[in-house]
Amino acid sequence: MWDVELARKIMQQGRQKLPQVWHRAEVVQTTPKLVFAIFDGEAKFDSETGLLMTRTAASRSWTVGATACALLDGAQLLVLDAM
């Protein structure tokens, strides 16, 4: 459950600037597929375009406008947990 502990530490940081690989991802669409966006919507990710989720994040019920802590690596976005 390291991902839960890591996400909690990130959430405790509040609104401090995150390192460059860390991003606040926002849910921009939930149906027909879940889509997260970073960089004010400039980059969007879904299951077909590089969206990866931890088990904790995948088990959540996401709504449009919800934010998550995510790692960007190349063309893949790893969503850790909700913020």
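**Salt bridges and an aromatic pair**

In this predicted model, Lys33 comes out as partly exposed, because its relative accessibility is 29%. That puts Lys33 between the two cut-offs, under 20% for buried and over 50% for exposed. Lys33 is a good place to start, since its side chain turns up in more than a single contact.

The structure holds 3 salt bridges. In one of them, the side chain of Lys33 meets that of Asp46, with N and O 3.2 Å apart. This contact links distant parts of the chain: Lys33 sits in the loop between strand 1 (22–29) and strand 2 (35–38), while Asp46 sits in the loop between strand 3 (43–45) and strand 4 (51–53), 13 residues apart. Asp46 itself counts as buried, because its relative accessible area is just 9%.

Lys33 also meets Glu48 in a salt bridge, this time at 3.3 Å from N to O. Here too, distant parts of the chain are linked, with Lys33 in the loop between strand 1 and strand 2 and Glu48 in the loop between strand 3 and strand 4, 15 residues apart. Glu48 has a relative accessible area of 64%, so it counts as exposed.

Then there is Arg60, which forms a salt bridge with Asp81; their closest N and O atoms are 2.5 Å apart. Again the partners come from distant parts of the chain: Arg60 belongs to the loop between helix 2 (55–58) and strand 5 (67–73), and Asp81 to strand 6 (residues 76–82), with their positions 21 residues apart in the numbering. Arg60 is partly exposed, because its relative accessibility is 39%, whereas Asp81 is buried, at 4% relative accessible area. Putting the contacts together, salt bridges with shared partners join Lys33, Asp46 and Glu48 into one network.

Charged side chains are not the whole story, as rings come into play too. The structure holds 1 aromatic pair. Its members are Phe36 and Trp62, whose ring centres are 5.2 Å apart and whose planes meet at 80°, so the pair is edge-to-face. The angle settles this label because planes over 60 degrees apart count as edge-to-face. Phe36 lies in strand 2 and Trp62 in the loop between helix 2 and strand 5, so this pair ties together parts that are 26 residues apart in sequence. As for accessibility, both Phe36 and Trp62 are buried.

Technical notes:
Residues numbered from 1 in each chain as written. Predicted model: local features only at pLDDT ≥ 70, side-chain atom pairs only at ≥ 80, totals over all residues. Heavy atoms only, no water. Salt bridge = Lys/Arg side-chain N within 4 Å of Asp/Glu carboxyl O. Helix = DSSP H or I, 4+ residues; strand = E, 2+ residues; numbered from the N terminus. Buried < 20%, exposed > 50% of the residue type's maximum accessible area, 1.4 Å probe, protein only. Phe/Tyr/Trp six-rings, centres within 6.5 Å; stacked < 30°, edge-to-face > 60°.
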